[in-house]
Amino acid sequence: MLLGVCLGTNDLPAAADFYDKVLGTLGMVRTMEVDNEVGYGPAGGPSCFWVLIPYDQQPATRGNGTQVTFQAGNNSLVEAFYQAAVKSGGSCDGAPGYRYRPGYYGAYCRDPDGNKLHVMHEAAE
């Protein structure tokens, strides 16, 4: 069972500011901070997503073919996540819209370090 996901950054304060704004649209908050990492999760809950300076002290790089997907409660939250990302130093990698199958609404963006993020909502049939 998957417990969480970590993404590397080359500028932890900037990445934390970005993720505070973007993940806040989905109700996620900072759940922990230590020397070189910041964790996020639901308010009052455990950390499940971390952004960190790589342990080996080498530059953080994005993975080709790697993405992290977040589930939104509705299409408006998909829009809010995407807009927060683009306004906070991220970039568009696929504007919000319907794709893949009926009821699937999603968007793609990249964080300031180039990590690919996907946010989606799928309406019940």
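This note sets out points on the sheets, the largest pocket and selected loop residues of a predicted model.

1. The four-stranded sheet. One sheet of the model is open, has four strands in the order 1-4-3-2, and shows mixed pairing. Strand 1 (5–8) and strand 2 (28–34) each have a single partner strand and stand at the edges, so one side of each is left without a neighbour in the sheet. On average, and with direction ignored, neighbouring strands of this sheet are turned by 25° against each other.

2. Pairing of strand 1. Strand 1 runs parallel to strand 4 (residues 49–52), and the two are joined over four bridges. Within this pairing, Gly8 has Leu52 of strand 4 opposite.

3. Helix 1 on the sheet. Helix 1 (residues 12–24) packs on this sheet and touches strand 1, strand 2, strand 3 (37–42) and strand 4. The direction of helix 1 makes about 5° with that of strand 3.

4. Strand 8 and its parallel partner. Strand 8 (residues 116–122) is mostly covered, with five of its seven residues buried. Strand 5 and strand 8 run parallel and are joined by five bridges. Two residues of strand 5 may serve to fix the register: Thr69 has His118 as its bridge partner in strand 8, and Gln71 has Met120.

5. Strand 8 and its antiparallel partner. Strand 7 (residues 104–110) pairs with strand 8 in the antiparallel sense, over seven bridges. Cys109 has Leu117 in strand 8 as its bridge partner. The two strands, 7 and 8, form a hairpin with five residues between them. In the turn of this hairpin, Gly114 has a positive phi of about 90°.

6. The two faces of strand 5. Side chains alternate along strand 5. Val68 and Phe70 point to one face and are buried, whereas Gln67, Thr69 and Gln71 point to the other face and are not buried.

7. The largest pocket. The space in the largest pocket amounts to about 190 Å³. Its lining consists of Leu2, Leu3, Gly4, Val5, Leu26, Met28, Cys48, Phe49, Val68, Thr69, Phe70 and Gln71. Strand 5 (residues 67–71) supplies the largest share of this lining, with four residues. By residue class, the lining divides into nine nonpolar, three polar and no charged residues.

8. Ser88. Ser88 belongs to the loop between helix 2 (75–87) and strand 6 (91–98). Apart from its neighbours within four places in sequence, Ser88 is in contact with Phe18, Lys21 and Pro112. A separation of 17 Å lies between the C-alpha atoms of Ser88 and Arg30, which are 58 residues apart along the chain.

9. Positive phi at Gln57. Most residues other than glycine have a negative phi. Gln57 has a positive phi, near 65°, and is a residue other than glycine. Gln57 lies in the loop between strand 4 and strand 5. Its relative accessibility is 57%, so Gln57 counts as exposed, the cut-off being over 50%.

10. Positive phi at Tyr100. Tyr100 is not a glycine, yet its phi is positive, at about 70°. The loop between strand 6 and strand 7 holds Tyr100. With a relative accessible area of 54%, Tyr100 is exposed.

Notes: Residues are numbered from 1 along each chain as its sequence is written. This is a predicted model: local features need pLDDT of at least 70, side-chain atom pairs count only at pLDDT 80 or more; totals for chains, interfaces and linings use all residues. Side-chain values use heavy atoms; hydrogens and water are left out. On a 1 Å grid over the protein atoms alone, a cavity is a set of points where a 1.4 Å probe fits but cannot get out, and a pocket is an open set with protein on both sides within 12 Å along at least five of seven lines; lining residues have an atom within 4 Å of a point. Grid points are joined across faces, edges and corners, and a volume is the space filled by probe spheres set on the points. Ala, Val, Leu, Ile, Met, Phe, Trp, Tyr, Cys and Pro count as nonpolar, Asp, Glu, Lys and Arg as charged, and the others, Gly among them, as polar. Two strands pair if DSSP finds at least two bridges between them. Axes are lines fitted to C-alpha atoms, for helices over the stretch in contact, and angles run from 0 to 180 degrees between N-to-C directions. Contact means heavy atoms within 4.5 Å. Buried means under 20% relative accessible area, exposed over 50%, partly exposed in between (1.4 Å probe, protein chains only).
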